[in-house]
Structure formats: C-alpha cells, structure tokens
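Biologist: Before I rely on this model at the bench, could we go through the terms used for it, and set each one against its definition?

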Amino acid sequence: MKLLVYCLAFFFMVVVNSHSMALGSAVIKGQLRDAATGEDLIGATVYIEELKTGTTANVYGFYSLNLPVGNYTVRYSYTGYNTKIVHLELKENKVLNIDLESSFHQLGEVVVTGERPDENVTQVRMSTNSLNMETVKSLPAFMGEVDVMKSLVLLPGISAGGEGSTGIFVRGGNVDQNLILLDEATVYNASHLMGFFSVFNADAIKDVQVYKGGIPAQYGGRLSSVVDMRMKDGNSKKISATGGYGSIASRLTLEGPIQRDVSSFIVSGRRTYFDLFLPFASDTNLRNSRLYFYDLNAKANYRFSDKDRIFLSTYTGRDYLRINNEFNMGWGNETASLRWNHIFNSRIFSNFTLIYSNYDYNLGFNYGVNSFDWFSHIRELSFKGDFTLYYNPSFTVRFGLQNQHHRFNPGHIRGKGDDSAVNDYDMPMGFGLQHAVYASAEHKLSDNFTMEYGIRYSLFQNVGKATVVSFNDNYQVTDTLYYSRGEIFNADHGLEPRLGMVYSPGQNHSFKASYNRTRQYLQQTNISASGTPLDIWFPASPNIKAQVADQWAVGYFRNFLNNTLESSLEVYYKDMKNQLDFRDHADILLNTHMEADLRVGKAWSYGMEFMFNKTKGDFTGWFSYTWSRAWKQIDEINHGEKYPAVFDRPHDLSVVLAYNLSPRVNVATSWVYQSGRPVTLPVGRYEYGGVFVPLYGQRNSSRYPDYHRLDLSLTWKTREKPGRRWQSSWDVSVYNAYMRKNTFAYSFKQNDENMYQTDAYMIYLFSIVPSVTYNFKF
C-alpha cells in the first residue's frame, strides 16, 4: 500500500512541475471537431510528418503534443473526413482547434473504426474493438430496431446469451462480468422486452469502445470486458432532427446549439407502440393487457473557456407489462453524470465526474387474497477524477481515483388490499463502499516497440446496517451478527496490474501481447443463461470473496492493400478464481440465506480469435471466427468434476457483408453460426409417491442443436431535392431469412397414451421476421 501511495505522489509531483520540463520544446494542443456539427472526434489522428510520430484525440476530442521547436507539417485525419494539413512554425505553445469536414460517405459503407487506417497495427492495445455508429446502422436489424449490443456479438470473442437476447458473454465470462457504461455511468440491465432489445438508442450514441482484454487501468470492477458508450454532445452549429417510424417503435432526436459554438444540447426519445393495438384484439384478456418500453436520453454541455467545459448527461428507460389486470411487471434504468473537463496547462488534461445509477424492478399479482407487490433495486453514487499528462509524443501518463457507494435492496413484498393473506416481508438490505486508484503509462521505447504498463488498487467495504449469518461446512446457519448503520464490518482488496506491448517489424504488421488482472466485488443471480429482469445484484461479503481473473493474450496483426484490408489473430487464456454457481435445486427468489445455496470454485477459458475486415470501397464487411472453451470446477457440483459453463460455445462464426448498388441503394447481410449451448437434461426418471420425477444427468453434459441464422437488409435513400434539408430513407430488413427454427428450450411432457413414456418438445421463438423502417433527418 505504501508503495502505491509513493507512486501516486510521484505522479502528482510530475504534474505540478510539468511546465518546466523539456527545455527547448513547445506544445501544440487543441480540440478536433466535426465542422458541420461541432461533435468531438474521438480517436482522430494528429501526425507530425517530419518526426513520423503523433497522437490521437481522447474521448473529449482533446489532443496535446510536446515537440522540439521547429517547422512541421501536421496532418489531421479521421475516417470518413477530409484530411487537413497545417504547416506550422513552432516557437512557443500554440492552441490549434481543428474542424474536419465530412467526406462523401457512401450509403451503408461499413466503418469498424474511426481511427487512422493503420491504428489496428500500431496501437499498443489489443483485444479491443471500436464500433462506429454508421456500422451499426448499416446492419440488418431485428424488427427494424438498430441495436448496439446485438452488433457486438458479430465481433470475435463475444457471443450472444440466446435467441433474441442482448446479453453478451465475453471470452468465457458471465453476463454480469461485463462493465457497461453510458457516459461513464454503469448500466446494470441493458435489456428491454425480456432481452430482445437493448436500452441504447442508436440515434443518441456517438462512439462504442469494447475491451475484451488488455483492459486499461482506469477501468475496473468487472472480470471480462468493458463496453464504453459515449452519447452525442449535440449539434453546436444549427438545430437538426433525426427520427424514424418502424414496425414496433418510433424515435425522434432533436439537437442544436444553446449558444453557437459554446454550448449545445441533444434530446432523444424512443417508444414502442404495439400495445396501442391490443384494445382491438379479439381475445378479451389481450384487450386488458399492456406491453411497451421507452427510452429518453438528454445531454447538454457548456464551454466556459478554452480550459473548462461541463457536461450533463441523463438517461431513463422503462419496460411495462400487464396481463389482464392479474399480473404486472416493470423494470428500468436511470443514470446521470455531471462532468467537468479542466486543462491545467498545455500538457495536463483532467476530468471530474459525479455519477448516479439506479436499476429497479417491480412484480405484482392480483389473485384475491394472494395479491402482492414485490420491489427490488440497486443504486450507485460515485465520484471519479481522471488525469492525463502528455509528457511528449513517446510518453503519456494517466492516473486517477474513484469512489462508489452501493445500495442493494434484494426485495421486499407488500400484500395488496385489506383481505390479502400475504404478509409484508423485507429481505435484508446491503450497503457497500468501493474505492480505487490507478496509474498507467504508454511508453514508446523505439520506433518499433511500445509498452503500456499500469497498476490499479481496489478496495471494497461492506457497511451496516446489516445482518450477517455464518455457515458451517454443511451450509447450515451457526451464528447471526448484527451491525449498526455506517459500521464497516468486512473488507476485500487487491492490486490489479495491467501490461500491454506491441512490436512492429514493418509498417503493415505487428506482434502484440497483454496481461491484466481484474477484480469484481458485485455479482448477479442468473435465473436463466441469458439473464432476466428479476436477476438480483449482491456484493462480496464475509461469506463470498471477490472474484479475481488473470488473462494473458498474444496476437498478430497485419494489413493489406494500403490498409484497406485488416486481419488479426489472437490467442488468450483466462484463469478465474472464486467463481460462483448455484447448487442443484437452489432457491433463488426471495431467499434470505441465498449465500447458503451458492458454491464457490474456479473457472478457466481459452480460445483463438480471427478477424478479416475490409473497411473501404463499395464492397465492405468482415469475417470473424472464434474457437474457445469455458470450464468450471466446483467441488460440490457435478461430483467435483469439471463441466462446461452455460456460455461454452466452441465454434462461433460471423460474416457481415455490405454492397453499394448505387449512391442511393445499399444491400447488407449477416450470417451467424454458433455451437449449441450446454444444458442439463433428464436422462431418466423414477416414480415417487405416484409421481414421475425426472432424473438429470451431469451438469451441462448435453447441448442444444447448433444455432445459425441469415439476416438481410436493403436501404433505399430517397432522392434529395436541391435547397431542401429534408433527407429520408427506407430500410427493409429480414431476420432469419431461411426460417431456421433455432432451439430456445426443451419442454418435457408425459405421453397421453403411454404413462411410462416422456416426450420432448422443442421450443423456438422466431421463424422469419420482416420489418420496414422509414428514417428521416433535417
């Protein structure tokens, strides 16, 4: 701990004295923005031709380069934009804010990264993908709803939770082991409509970064991946609108300047409307039912000066389901983040963030005396401070801290009505504090070799008011302890080293390696493999240790044909400790002693990922293939023998293709193939008390049939009239074009004619699903 404090003190001392470093040098800094909208260009490239070095803009479009005084040719570039060249005589520090103009962007061209063409080869980070929103919008969409999370499963190393699910499994990790961020706020449930759609409205999202390995030190709290999404800031030049009418939902986005080039706003909403047709149904039960979801994103920013800027981002979304006034269910997320960017001097950029996040759900039954309502939530308040020191083009330092307060309400029940036979019941609430500090450096040691090294220290504390039970070796309660409000009664902590390196023997290929340790203090009960709204988050405790993962990865990256064809091959191994799984026949819902039904062991996964990506031209797309295995071994489960995790899918193949038939017409297709998910099925049955009871085989010893599906889309852009701002297009999508009946689950039923025979029935969700969407902007 003392060593970490000394390291942080050293970094702060460097920051304070940074203005005196590197005599005979000067700094160019500034913002890179879209000339038409004023949006920050995340990852745009600044390149010094004479020195053959450069940097990229951060997530706020800021860049800084410390250079020897002299004359330079500076090239500013970003995929989909015209390159701007500036001839510079550098004698003193200069501010160069650059606006880049969008180049002619052909309809439907797939862009998998907004960075410079060879960034996939030269950058030190591996196991990372950037999804431009143009990519997401060009893909075939389920029921016409463009979905960021479903686009991720087309990338190597990421697989879907199931048919229609937006839950993701990354390199052998569980659904709850992914940190999903929206403008730095945690999204605890990213699904709408029981997982068929995600909560992210593509019209409001600007950038998506996915880290599967080599996770930067500023991220922590989850074992497997980080999905970092950034909302648009809003058009600072003029008022504009985008929207669309689809098969099941409509959406509208308004954005514009509050004060031109100084402040802007964006408001984006989406709502389904198939519940509006239920009153016309012939079934009386359906007439009295409701089913819908909505999203609302809002953001504003204000630039006080060249050194100070604030952002306020909010999101709220909710699902509601009611069946004939007898059953109702609702769930939703709320997030808010207030950020302050401050530039201390020409080389130090900082960002301070206050964050609020809440996820809650309710469940209600109206059955006479058995009527009740059930409520549950998880809530987070946090503060972050992040600093970046641009020492010189070869050395960049990042450090910061984070503090979080968690509140866990696993559930409380209230009887409805005076005649209710259901007693009020409250499960014990939980509170926790989570702290972290980190420091990392990106160090270019030579023209061919770059390293990124860092360390993160995290600490989790359980805080009262709390009731904690102790168990013996047979998981029977032996003692109950009570802790007062604010009392810290348990702590778990550890160091999380991070390391990455790249060696480039040539201009178009490189070798990379990475290692990272991650720790996770929150976990989730999973009622199903893909997750449900009823899954409960709960913290580490005296009975549950923090999960720890170590991941190693190596890779080879190569580009062809002037960087228009990209390829990568990665191999990884992940070792996970303190992994949880429920015992057979565990009680999950409303279980006050749920920890007694959990079993702890180890897990490991390994695999190979290959991707081939064509980024430019009328014909674009990518091919990705993953071979992987994911195993668990827990002494009290499966007789202590290893068994496949529910997300173990050895083969995962995705093909995405797009072709511009003309400047106004584009066609696209995606085809996916996955090995079937492991499942535990009955292998026999026995009679007990006149009832036939199924006898199950070993844990996850069977598999569903392999999954595959073909999706198609056509986008037709209407002809633009001179002098009119209105632009529109029609999108036609076909989900599951060849009507594959993919198995969702099995149902078992006793044969009506032979009581000693049990029949198995396959359940599938979708055959072919066509959709039409009309999009517009002005």
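Biologist: What makes the sheet with the order 9-16-17-12-13 an open one with edges?

Modeller: In this predicted model 5 strands form that open sheet with mixed pairing, where strands are DSSP runs (E, at least two residues) numbered from the N terminus, and two strands pair if DSSP finds at least two bridges between them. Strand 9 (128–132) and strand 13 (185–186) each have a single partner strand, so one side of each is left without a neighbour in the sheet.

Biologist: How do you know that strand 12 and strand 17 pair?

Modeller: They are joined by 5 bridges and run parallel, and since at least two bridges are needed, they count as a pair; L182 has M229 of strand 17 as its bridge partner.

Biologist: Why is the set of 42 residues called a nonpolar core?

Modeller: The term means buried Ala, Val, Leu, Ile, Met, Phe, Trp, Tyr and Cys residues joined through side-chain atoms within 4.5 Å, buried being under 20% relative accessible area with a 1.4 Å probe, protein chains only. In this largest core, L152, F200 and V208 touch the most other members. A second, separate core has 22 residues, including A44 and Y63.

Biologist: What does F200 touch, leaving out residues up to four places away in sequence?

Modeller: Among its contacts (heavy atoms within 4.5 Å) are V146, I180, M229 and R270.

Biologist: Which limits apply to these values?

Modeller: Residues are numbered from 1 along each chain as its sequence is written, and side-chain values use heavy atoms, leaving out hydrogens and water. Because the model is predicted, local features need pLDDT of at least 70 and side-chain atom pairs count only at pLDDT 80 or more, while totals for chains, interfaces and linings use all residues.

Key. Buried means under 20% relative accessible area, exposed over 50%, partly exposed in between (1.4 Å probe, protein chains only). Helices (H or I, at least four residues) and strands (E, at least two) are DSSP runs, numbered from the N terminus.
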